[in-house]
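Subject: Structure handover, pockets and cavities

Hi,

Here is the structure for your next look. My notes on its pockets and cavities follow below.

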Amino acid sequence: LWRPDNGSETGKQDLLASSTTTLNLWKVEEGQVKCVAKLANTRAQKQSTNLPPLTSFDWSSVSHHKLGASSVDTTCTIWNLEKQKIETQLIAHDKAVYDIAFSHVDSLFASVGADGSVRVFDQRNLDHSTIIYESSPPSPLLRLAWNKSNTNHIATIAMDAPGVNLIDIRRPSVALAALSYHDSCVNSITWAPHSRNHLLCGTDDGFGIIWDTAEIPSKLDSPLLAYDCDSEVYQAQWPASQPDYVALGMAHQIRVLQV
């Protein structure tokens, strides 16, 4: 995942992040990809020689030096990449944390995990978190996407459950809508970078789907767009730099669609 670039940081180095048991930062220099840093969870290092795997991470779209990572050891860690130090670390869930996402409000981030809950945190006050949704029946939540244009809306997907649940953080506990097409399970979700109403999904039955959420809470019978890739879609991306295009990643190919 590349560091966000809003065009205001001229001269800033392009950085690419990846994760294993460490958070790895890379740069492209002279046609080669070179490692800049490997950041390890110091709390986990003190407890064990084996570092727990990181499950996901997200760049802050407001403070580009800030990156949050989730882990199977129940923690979320917010890194200050300029200092290469941990800014915040907390036990976020009762079980493994599977995903983390920043809001467009700089201090807020959310996470989902094996305990089936969506939790919102404020770095200004980490004494408590707000549980805004719990899956029913209980099921691990695997991914979430926080709408950067409409910060009240979060989308999440549950393990072995069809579709996407849309949550309005002003009305916690109950999903605002359940969006499902062909009863297929969703592997990847991302909001449009230029619209408050469009959600892109990649499904296990090989579709790239765009939902228009503008009519919610009215029932949505069908998506705005459904593109058949003929192969399971594992990753979906909607780049801010090219909002007229989306990318869908399968096992052996990537398809770029103009929307």
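Strands here (E, at least two residues) are DSSP runs, numbered from the N terminus. Note that this is a predicted model.

Largest pocket first. It holds about 1,600 Å³ of space. Its lining has 42 residues, and Leu-1, Trp-2, Asp-58, Thr-190 and Gln-237 lie nearest its centre. Six strands are each named as supplying at least two lining residues: E1 (16-19), E4 (54-59), E8 (97-102), E12 (141-146), E16 (186-191) and E20 (235-237). By class, the lining has 22 nonpolar, 13 polar and seven charged residues.

The second largest pocket has a volume of about 200 Å³. It is lined by 16 residues, with Tyr-133, Ala-158, Ala-161, Pro-162 and Asn-165 nearest its centre. Strands E13 (153-158), E14 (164-168) and E15 (177-179) give two or more residues each. E13 has the largest share, three residues. The lining divides into nine nonpolar, seven polar and no charged residues.

Now the closed spaces. Two cavities reach 30 Å³ or more. The largest has a volume of about 50 Å³. Its lining residues include Leu-23, Leu-39, Asn-41, Leu-54 and Trp-79. Six lining residues are nonpolar, four are polar and none is charged.

The second largest cavity has about 30 Å³ of space. Among its lining residues are Val-164, Tyr-181, Cys-201, Ile-209 and Trp-211. Strands E17 (198-203) and E18 (207-212) give two or more residues to that lining. By class, it has seven nonpolar, four polar and no charged residues.

Best wishes

Conventions:
Residues numbered from 1 in each chain as written. Predicted model: local features only at pLDDT ≥ 70, side-chain atom pairs only at ≥ 80, totals over all residues. Heavy atoms only, no water. 1 Å grid on protein atoms, 1.4 Å probe; cavity = no way out; pocket = protein on both sides within 12 Å on 5 of 7 lines; lining within 4 Å. Points joined across faces, edges and corners; volume = space filled by probe spheres on them. Nonpolar A, V, L, I, M, F, W, Y, C, P; charged D, E, K, R; others polar. Helix = DSSP H or I, 4+ residues; strand = E, 2+ residues; numbered from the N terminus.
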